Amino acid sequence: MTASAADAIRAEPLTLHAADGYPLAALRYRSPTPPRAHLVVGGATAVPQGFYKRFAQHVAAQGVDVLTLDYRGIGRSAPKTLKGFRMNYLDWGRLDLAAGVAAMRAPGVPLWLVGHSYGGHALGLLPHPEQVDAAYTFATGAGWHGWMPPLERLRVQFMWNVLGPVMTRVAGYLPWSRLGMGEDLPIDVYRQWRHWCRFPRYFFDDPQMREVTSRFDAVRFPIVAVNAIDDAWAPPASRDAFMAGYRNAPVRAVTLDSRRSGLGPIGHMGYFRPRAQPLWNEALAWFDTLPVRSPA
């Protein structure tokens, strides 16, 4: 598919409403032909949906309707100020991504998910995972500093233990954008993220989360989990620690040496930059090998 064909795909703005009524800004990229499937993008923490535009256009140009969304507190789904804004980090999966899945359900049309980092966590938080046919994740990991290279480990520990506490105490939220790290984050997201990143297996090791993590047993659709060896935040060992939580799902782990493959550096964000288009095609090719569910 040519770049010009993908560029011709225009996004249709939508407002979704989560089960608790919260309004979510979303974009639907429609295929120029009757779609053979629908796909929902579950984005990473602090990453607005516009980051996934090129990916969404590329996939839509190949006959798949795509939905992106901003989680509550992020991008166009954020309130005027994050100071005083309260929420649960789990809401992004169990409420917000769930609203995207509900919006894209259609009888007899396969429903696929592509998750980036947190988006791979959110698969197990969906209240109705049986509505999903398959998922493909990039950069999903456990978040523990011990899985990271030594220098990144020090940076992350400084962020969690020194810089983050000071910044949130002053601002009332995490002004992540001042560090060039993405969107600002609600304080509850920061606190829960920081807490779970203390554990080698993220919230699977948190005794207070057993009821939540037990729901991951309901995920039975196939998953491919791709992680690059130069992804300092979510290297393959981190992926393996987290994806083990999908105990009843067939998970295929793919370790990417992006330099050898000719893609160049990937890191934690490069999976969705234009040079990663071969990865997008591989994901679509895998989805297309799966059986189509019967109309319901």
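**Exercise 1. Is Trp92 buried or exposed, and what relative accessible area does it have?**

*Solution.* Start with the accessibility: Trp92 has a relative accessible area of 0%, so it is buried. Here buried means under 20% relative accessible area, exposed over 50% and partly exposed in between, with a 1.4 Å probe and protein chains only. Before going on, keep in mind that this is a predicted model, in which local features need pLDDT of at least 70 and side-chain atom pairs count only at pLDDT 80 or more, while totals for chains, interfaces and linings use all residues. Residues are numbered from 1 along each chain as its sequence is written, and side-chain values use heavy atoms, with hydrogens and water left out.

Next, place the residue: Trp92 sits in helix H3. Helices (H or I, at least four residues) and strands (E, at least two) are DSSP runs, numbered from the N terminus.

Then list the partners. Contact means heavy atoms within 4.5 Å. Leaving aside neighbours within four places in sequence, Trp92 is in contact with Thr45, Ala46, Tyr71, Arg72, Ile74, Met87, Leu97, Tyr118, Leu185 and Val189. As a distance check, the C-alpha atoms of Trp92 and Gly119 are separated by 8.8 Å, and the two residues are 27 residues apart along the chain.

**Exercise 2. Which residues touch the most other members of the largest nonpolar core?**

*Solution.* First, the term: a nonpolar core is a set of buried Ala, Val, Leu, Ile, Met, Phe, Trp, Tyr and Cys residues joined through side-chain atoms within 4.5 Å. The largest one holds 64 residues, and those touching the most other members are Trp92, Tyr202, Phe203, Ile223, Phe242 and Tyr246. Helix H3 (residues 91-104) gives the most to this core, with 7 residues. Apart from it lies another core of 38 residues, including Ala56, Val226, Leu256 and Trp280. As general background, nonpolar side chains in soluble globular proteins tend to be buried together.

**Exercise 3. Where is Tyr202 found, and what does Tyr202 touch?**

*Solution.* Begin with the backbone: Tyr202 is in the loop between helix H6 (187-196) and helix H7 (210-214). Although Tyr202 is not a glycine, its phi is positive, at about 60°. Now the surroundings: with a relative accessible area of 2%, Tyr202 is buried. Not counting residues up to four places away in sequence, Tyr202 touches Tyr89, His121, Ala142, Trp193, Trp196, Cys197 and Phe242.

Phe242 leads on to helix H8 (residues 236-243), where 6 of the 8 residues are buried. These are Pro236, Ser238, Arg239, Ala241, Phe242 and Met243. Their cover includes H4, strand E6 (134-138), strand E7 (223-228) and strand E8 (251-256).

**Exercise 4. How many residues line the largest pocket, and which are the closest to its centre?**

*Solution.* Set up the search: it uses a 1 Å grid over the protein atoms alone, and a pocket is an open set of points with protein on both sides within 12 Å along at least five of seven lines. A cavity is a set of points where a 1.4 Å probe fits but cannot get out, and lining residues have an atom within 4 Å of a point. Grid points are joined across faces, edges and corners, and a volume is the space filled by probe spheres set on the points.

With that, the largest pocket holds about 440 Å³. Its lining has 27 residues, and Thr45, Ser117, Trp193, Trp233 and His268 are the closest to the centre. Helix H4 (118-122) and helix H5 (150-171) each supply at least two lining residues, and H5 gives the largest share, 3 residues.

Finally, sort by class: Ala, Val, Leu, Ile, Met, Phe, Trp, Tyr, Cys and Pro count as nonpolar, Asp, Glu, Lys and Arg as charged, and the others, Gly among them, as polar. This lining has 18 nonpolar, 8 polar and 1 charged residues.

Ser117 rewards a second look. Ser117 lies in the loop between strand E5 (111-116) and H4, and has a positive phi of about 55° without being a glycine. Its relative accessibility of 14% makes Ser117 buried.

**Exercise 5. What is the volume of the largest cavity?**

*Solution.* The whole-structure search finds 1 cavity of 30 Å³ or more. The largest cavity has a volume of about 30 Å³, and is lined by Gly43, Ala44, Val47, Leu69, Asp70, Tyr71 and Ile74. By class, that lining has 5 nonpolar, 1 polar and 1 charged residues.
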